[in-house]
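Here is a walk through one protein chain. Keep the coordinates open and follow along, link by link.

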Amino acid sequence: MAIKRSCVFVISVATAALAAGTTIVQAALTDNMYPTGNYFHTCVDGEMGDGFCQTDNKTLTIYREGSLSSAEKNTISRAAKDYYGPTDLVVKIQSSGVYRGSAETDVIYKAKTLSRGKIGITWCDDASSTKKCDQHYIVFNKDHTGIGSVNKSDACHETGHAVGLTHGPEASPRLGLYDDRLGCMSYNDVYKLGANNKENINATY
């Protein structure tokens, strides 16, 4: 009976608020924005394979290095604009990268051969605080699946790490690696950012 009364109370509050013209904002399914209760290292200057952090502000500058093909560069820019553009982040594609100083490019993308099975990897190269990073690197495996290409789901996934989004098992509460409710942050080829990721991004930036 107590459970039923609680449910009726919540529905009644929501109904009253809607009648008054108040917007009800549903809480995110899970917190998968670094730091979480299951992914909380201190952000430091790292090397390939070290952790990712949050980016340092809502303007997300992107540079795609020459090791990527023209098609891959186009895929990355389309993924960034299509998936992250509709969030509170402001996506800007740069024609050249800034690697030093106070106006570093936020995300540098490149391609190189990685260990078998790896699609891409993201890490913080220049921490600006204990949880913010001034510049992330994203490396895509140029030998991935033998075709040497990046799809929009891969680009969405690794860019998600560069703004602080985790996999399901590092979220709090934990979700599975293949839980599609985390959009492209799942281990499936999901071609969308997903509502949960958008809510966490907008709450952070």
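**Disulfides, rings and a helix face**

Cys124 and Cys133 are joined by a disulfide, with 2.2 Å from S to S. The model is a predicted one. The link of Cys124 and Cys133 is right-handed, with 95° about the S-S bond. Where do the two cysteines sit, buried or exposed? Cys124 is buried, at 0% relative accessible area. Cys133 is buried too, with a relative accessible area of 0%.

How many disulfides does a search of the whole structure find? It finds three. A disulfide is a covalent bond between the sulfur atoms of two cysteines.

Take Cys43 and Cys53 next. Their disulfide has an S to S distance of 2.0 Å. The torsion about the S-S bond is 95°, and the link of Cys43 and Cys53 is right-handed. Cys43 and Cys53 both lie in the loop between helix 1 (2-19) and strand 1 (54-55), ten residues apart. Both cysteines, Cys43 and Cys53, are buried.

Then comes the disulfide of Cys156 and Cys184, whose sulfur atoms are 2.0 Å apart. Which hand does the disulfide of Cys156 and Cys184 have, left or right? The torsion about its S-S bond is about -55°, so this disulfide is left-handed. Cys156 lies in helix 3 (residues 152-162), while Cys184 lies in the loop between helix 3 and helix 4. The two are 28 residues apart, and the pair links distant parts of the chain. Cys156 is buried at 0% relative accessible area. Cys184 is buried at 1%.

Now put the bonds in order. With bonded cysteines counted along the chain, the disulfides follow the pattern 1-2, 3-4, 5-6.

Turn to the aromatic rings. A search of the whole structure finds five aromatic pairs. One of them is Trp123 with Tyr137, a stacked pair with 5.6 Å centre to centre and 15° between the planes. Why does this pair tie together separate parts of the chain? Trp123 lies in strand 5 (residues 120-127) and Tyr137 in strand 6 (residues 132-141), so the pair joins parts that are 14 residues apart in sequence. Trp123 has 8% relative accessibility and counts as buried. Tyr137 has a relative accessible area of 13% and is buried as well.

Tyr178 and Tyr187 make an edge-to-face pair. Their rings are 5.8 Å apart centre to centre, with 80° between the planes. Are these two residues buried or exposed? Tyr178 counts as exposed at 53% relative accessibility. Tyr187 is partly exposed, with a relative accessible area of 44%. Elsewhere, ring pairs link Tyr34, Tyr39 and Phe52 into a cluster.

Go back to strand 6, which also holds Asn141. Asn141 is buried, with 6% relative accessible area. What does the side chain of Asn141 reach? It reaches the backbone nitrogen of Leu114, at 3.2 Å. Leaving aside neighbours within four places in sequence, the contacts of Asn141 are Lys112, Thr113, Leu114, Ser115, Lys118 and Ile119.

Helix 4 (residues 195-204) comes next. Its residues Asn196, Asn197, Asn200 and Ile201 are buried. Why do the buried residues line one face of helix 4? Seen down the helix axis, they fall within an arc of 130°, so they line one face. What do the buried residues of helix 4 pack against? They pack against helix 2 (70-84). On the other side of helix 4, Ala195 and Ala203 are exposed.

Finish with the confidence of the prediction. The protein chain has a mean pLDDT of 87. Of its residues, 84% reach 70 or more. Where does pLDDT stay under 50? It does so over residues 1-26. For that stretch, the model has five contacts beyond four places in sequence.

To recap the route: the chain has three disulfides, and the link of Cys156 and Cys184 is left-handed. Trp123 and Tyr137 stack, and Tyr178 meets Tyr187 edge-to-face. The buried residues of helix 4 pack against helix 2.

Conventions: Residues numbered from 1 in each chain as written. Heavy atoms only, no water. Phe/Tyr/Trp six-rings, centres within 6.5 Å; stacked < 30°, edge-to-face > 60°. Helix = DSSP H or I, 4+ residues; strand = E, 2+ residues; numbered from the N terminus. Buried < 20%, exposed > 50% of the residue type's maximum accessible area, 1.4 Å probe, protein only. pLDDT = per-residue confidence, 0-100. Contact = heavy atoms within 4.5 Å. Polar contact = N/O pair within 3.5 Å; in protein donor to acceptor, adjacent residues only side chain to side chain. Arc of directions from axis to C-beta. Disulfide = S-S within 2.5 Å.
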